Every structure is written in structure tokens, then in C-alpha cells.
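Biologist: Could we go through a model together, feature by feature, with the general idea stated before each particular case?

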Amino acid sequence: MAQPHTPISMVYGPVQSWRFGRSLGIDPIGAISVCSYNCVYCQLGTIERLQSDRQCFVPTQQIHHDLQAFAPWDVDAITLSGSGEPTLALNLGEIITMAQQMTQRPVGVLTNGSLLSDPQVQQDLGQADAVAVKLDAVQPTLWGRINRPVAPASLPELWDGIQAFRQGYKGHLAIQTMMLSPWDEASQATYVQLMQAIAPDEIQINTPTRAQPDRHVLSARGNAPNYSPSDSLRRFKSVSVEVLQQMSDRIQAATQIPTRCPSPALLSR
Ligand code: SF4
């Protein structure tokens, strides 16, 4: 069921990102946060609606209208992310095509990858110029504790979905890994094997530094959240820049895949 029309703009930014440069964000989810994960570090706060079924949340016409207000789109890219998991939006493919045609800018999608086994999701995402897929752990127990997916998701299913998508995708594929603590040798070795099998164009290693509010704050979509004094903010103990760099260097040396981590000034953007 579609959400009622809201005057809130579904386009936000520009957002400065270490991965995409200066980018406008499109939110295909809307005022209520909806995701198939409920990551412990999510900057949106606790996800308000957990689901893994696709639906149309925001009409494409509304996003078209909101995007028009940002003409002439003086940005490097358009990024679909926003208030949850963008592949849950049934009109994802339509939004991507509309944004490409309207802005003549590359369109990227940040996804948790949970729906990548679905051929229709693969087809929709396949239209994006760039896709970044989240893979935060290689041990099922740890993965479950960090990403807290809607049952009955499993880590092998996620890997299979990423590999299936990889086989048909012609754009730029990045694997994005959020480190919450330093990884042991066995985990790093497993990760290297997976990256060799998936062969992404790029690997991005990051760590959470953004505060997590105790409620959904819409402005947390961008990188200048507007919290109220009554918001309780949870902060994570991030791994150091040195640990990120060591992991990044090691993965790149072992896989020969370009691997990046943010500079200290741009951590988590
Ligand atoms: S996948 Fe993204 S939007 Fe969903 S809970 Fe995790 S960090 Fe938040």
C-alpha cells in the first residue's frame, strides 16, 4: 500500500561523500524508515518498519517533482539511499532511469544486498551506473548480530545473491564493509576468498562514526543531521584509521582489487 503524499522532499543534499564525491540523495522509502536489516550502527536510528517485501513507497512522479527543484544538478552523482533499503522500492528501476534521463548524471545505489537473489531486483539495480553492496561480516553469528536481518535471511543467501547480481551487472560494483572491531586472521582470509569470487570493481572499508539517534530523524539521510536536544544519541567505539588502512592495504594486496578507506576527515561520509 502506498504511503500518503507528504510535503517532505524525497531529494536531499548535496551530500559530500568520500565514495561518490558531491552527490544528491534520492530517498525512495519516505518519512517512515523501512529496511530488511536493523543494523546496530544505523544512522537512521532503530528501523521503524522491518520488512523484506517490496512495495511502492514514494510515487516516481513525486521524486521527479522533487528532483526538478534541484536543477541544474551541479553534483558529481545522484545516489539512492535515504530512509532505508532502496531495493524494497518496487519502482526502483523506474526511479533510476528517470533520474539518469533528467539529470544526465551517473546514478548509484547503496544497498544491503538482501534482495539480490530476486531476478527483478537484479534487473532494476542493473540499470544503475554504480552499486555499492554492504557486507559487514563473514561469520554468520557476527553478521546476524551486526546487521540483524529480517528472518529467514542468511549469510550464504546474501553471498549467492551478490554473485548472481555480479554475473549480469555491467556497471561499477563496490563491496562496502563497515568494521566495528579489528578482524582476526581467519575472517580476513574468508573475506579475501569471497572478494576473489565476487570480483567487485572496488572494495570500501569504513567504520561507523555517526551517532545513532533513539528515534528516526529524517535529516539523518544526509550528512548534517538535525537532532533535537531531547534526542538521545548512541556513539560507537569505531576502529582507528590505522586499523582501517591496514585492513584496506591487506585486502588490496591479496585480491588486487582497488580497496579504499576514508581519510580521517571524511570518516563515514
Ligand atoms: S541496511 Fe542501511 S538503512 Fe538498513 S538498517 Fe542497515 S544501515 Fe540502516
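The dialogue that follows takes up a helix, a pair of helices and two single residues.

Modeller: Before we begin, please keep in mind that this is a predicted model.

Biologist: Let me start with helix H1, residues 60-68: which of its residues are buried?

Modeller: The general idea is that an α-helix has 3.6 residues a turn, so residues three or four places apart point the same way. In H1 the buried residues are Thr 60, Gln 62, Ile 63, Asp 66 and Leu 67. Because these residues cover an arc of only 155 degrees around the axis, they lie on the same side of H1. On the other side of H1, Gln 61 and His 65 are exposed.

Biologist: And what covers the buried residues of H1?

Modeller: The cover includes two strands, S1 (11-17) and S2 (21-26), together with helix H2 (92-103).

Biologist: How should I read a pair of helices, and at what angle do the axes of H5 and H6 cross?

Modeller: Two packed helices are described by the angle between their axes and the distance between the axes. For H5 (residues 155-168) and H6 (residues 185-198), the axes come within 9 Å and cross at roughly 30 degrees. Angles under 35 degrees count as roughly parallel, and therefore H5 is roughly parallel to H6.

Biologist: Which residues of H5 and H6 meet?

Modeller: From H5 come Trp 159, Ile 162, Gln 163 and Arg 166, and these meet Leu 194, Ala 197 and Ile 198 of H6. Sorted by character, the residues of this contact between H5 and H6 are 5 nonpolar, 1 polar and 1 charged.

Biologist: Turning to single residues, is Asn 112 buried or exposed?

Modeller: Here one compares the relative accessible area with a cut-off, since buried means under 20%. Asn 112 has a relative accessibility of 3%, which means that this residue counts as buried. Asn 112 sits in the loop that runs between strand S6 (107-111) and helix H3 (119-125), and its side chain makes a polar contact of 3.1 Å with the side chain of Ser 36. Not counting residues up to four places away in sequence, Asn 112 also touches others, among them Glu 85, Lys 134 and Leu 158.

Biologist: Where does Glu 202 lie, and with which side chain does Glu 202 make a polar contact?

Modeller: Glu 202 belongs to strand S9, residues 202-206, and is buried, with a relative accessible area of 10%. Its side chain is joined to that of Gln 204 by a polar contact of 3.4 Å. Beyond its neighbours within four places in sequence, Glu 202 is in contact with residues including His 172, Ile 257 and Arg 260.

Notes
Residues numbered from 1 in each chain as written. Predicted model: local features only at pLDDT ≥ 70, side-chain atom pairs only at ≥ 80, totals over all residues. Heavy atoms only, no water. Helix = DSSP H or I, 4+ residues; strand = E, 2+ residues; numbered from the N terminus. Buried < 20%, exposed > 50% of the residue type's maximum accessible area, 1.4 Å probe, protein only. Polar contact = N/O pair within 3.5 Å; in protein donor to acceptor, adjacent residues only side chain to side chain. Contact = heavy atoms within 4.5 Å. Arc of directions from axis to C-beta. Axes fitted to C-alpha atoms, helices over the stretch in contact; angles between N-to-C directions. Parallel < 35°, antiparallel > 145°, perpendicular 65-115°, else oblique. Nonpolar A, V, L, I, M, F, W, Y, C, P; charged D, E, K, R; others polar.
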